[in-house]
Each structure stands twice: as structure tokens, then as C-alpha cells.
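Q: Please take a close look at one part of this structure and work outward from it. I would like a connected account rather than a list.

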Amino acid sequence: MPELSRRRALGTAAALTAAAAAHTLSAPAASAAPAASHHDSPEPFDEVYKGRRIQGRPASGPMHHHHGDGFEVLVDAVPLHVMRNADGSWISVVSHYAPVPTPRAAARAAVDELQGAVLLPFPAN
């Protein structure tokens, strides 16, 4: 058996990497359906939750289309900064580390987290 040289080891590693990449690119997509398409629009809502009015609707201004995927959420008429994650889940500035499935759930989680405190507007920088 030939002696293992640095050149042979690097060549073998490169070949294995290329083969793995080719297999990954040609593999069929997983059979499970994705969580949600990034462009599915959430349902509008307007309700009172624990004494706070929460609303969700398509965004009306251009500045709302970046993180919230064209959807705005309000708690007592104050905008709640929300963001849609790549997997379709939602987070807000109030409950940033607890992803939820919908903007309505994000608004409810924010109300729970605020515990009666007033939501302050998030700077739009």
C-alpha cells in the first residue's frame, strides 16, 4: 500500500467533499411539508386579550415591510415590532427568544410578558 502523503490526503478529502455536495444537491426534498411559506400572509385579527387590545393587519407603510413580512401588530394602538423567522415562526421585540406560530400569538405573548406595563414604541432605525 502506498504511503499516505499530504497531497493524497487532501485530494481524497476534496473528492469526498465534492461527492457529498453533489449528493446533497441531487437529493429529493424532504417529504414533510414546510412549516409555512415565507410569503403566506397571516390572518388579520382584532381582539381584547387580558384587557389589552391587540390587532394585526397588513402593513400600510413601506417601513413595515422588512422584518414583519408586510404585517403589523399593535398592542393598545402602539406598534409591536414583530419579525418572521425563516422557518415561518414569529418573534417580537418583547418576547424575542420565544418563537410562536402566528403574529396573534406574538401579540398575546407580548401582553403576557408586559404584565400590565405600557408598550413603548420601538425606534425605527
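A: In this predicted model, Ser-95 is buried, because its relative accessible area is 9% and the cut-off for buried is under 20%. Ser-95 sits in the loop between β6 (90–92) and α2. Leaving aside residues up to four places away in sequence, Ser-95 touches Ala-106, Ala-109 and Ala-110. The helix α2 spans residues 103–114.

The next residue to consider is His-96, also placed in the loop between β6 and α2. His-96 counts as partly exposed, because its relative accessibility is 39% and partly exposed covers the range between 20% and 50%. The C-alpha atoms of His-96 and Met-83 lie 9.1 Å apart in space, with the two residues 13 apart in sequence.

From the loop, the account moves to the helix and what it packs on. Helix α2 packs on a sheet, where it touches β1, β2, β3 and β4. The direction of α2 makes about 25 degrees with that of β1. The sheet itself is open and has four strands in the order β1-β2-β3-β4, with antiparallel pairing. Strands β1 and β4 are at the edges, each pairing on one side only. From one strand to the next, the twist averages 25 degrees.

The strand pairs can be taken in order. β1 and β2 (residues 52–58) run antiparallel and are joined by five bridges. Within this pair, Glu-47 has Ile-54 of β2 as its bridge partner. The two strands form a hairpin with two residues between them, and Lys-50 in the turn has a positive phi of about 50 degrees. Five bridges also connect β2 to β3, again antiparallel. Here Gly-56 is bridged to Val-73 in β3. Between β3 and β4 there are three bridges, in the antiparallel sense. Val-75 has Val-78 of β4 as its bridge partner.

Next comes the nonpolar core. The largest nonpolar core has 17 residues, and Ile-54, Val-73 and Leu-80 touch the most other members. The elements that give two or more residues to this core are β1 (45–49), β3 (71–75), β4 (78–80) and α2 (103–114). The largest share, five residues, comes from α2. Two of the residues already met in the strand pairs return here: Ile-54, the bridge partner of Glu-47, and Val-73, the bridge partner of Gly-56.

Ile-54 can be followed in detail. Not counting residues up to four places away in sequence, Ile-54 touches Phe-45, Asp-46, Glu-47, Tyr-49, Leu-74, Val-75, Arg-104, Ala-107, Arg-108 and Val-111. The contact with Glu-47 thus involves its bridge partner in the sheet.

Arg-104, one of the residues that Ile-54 touches, also leads to a last residue, Glu-43. The C-alpha atoms of Glu-43 and Arg-104 are 8.6 Å apart in space, although the two residues are 61 apart in sequence. Glu-43 lies in the loop between α1 (6–26) and β1. Glu-43 counts as exposed, because its relative accessibility is 63% and the cut-off for exposed is over 50%. Ser-95, where this account began, is buried at 9%.

Key
Residues are numbered from 1 along each chain as its sequence is written. This is a predicted model: local features need pLDDT of at least 70, side-chain atom pairs count only at pLDDT 80 or more; totals for chains, interfaces and linings use all residues. Side-chain values use heavy atoms; hydrogens and water are left out. A nonpolar core is a set of buried Ala, Val, Leu, Ile, Met, Phe, Trp, Tyr and Cys residues joined through side-chain atoms within 4.5 Å. Buried means under 20% relative accessible area, exposed over 50%, partly exposed in between (1.4 Å probe, protein chains only). Contact means heavy atoms within 4.5 Å. Two strands pair if DSSP finds at least two bridges between them. Axes are lines fitted to C-alpha atoms, for helices over the stretch in contact, and angles run from 0 to 180 degrees between N-to-C directions.
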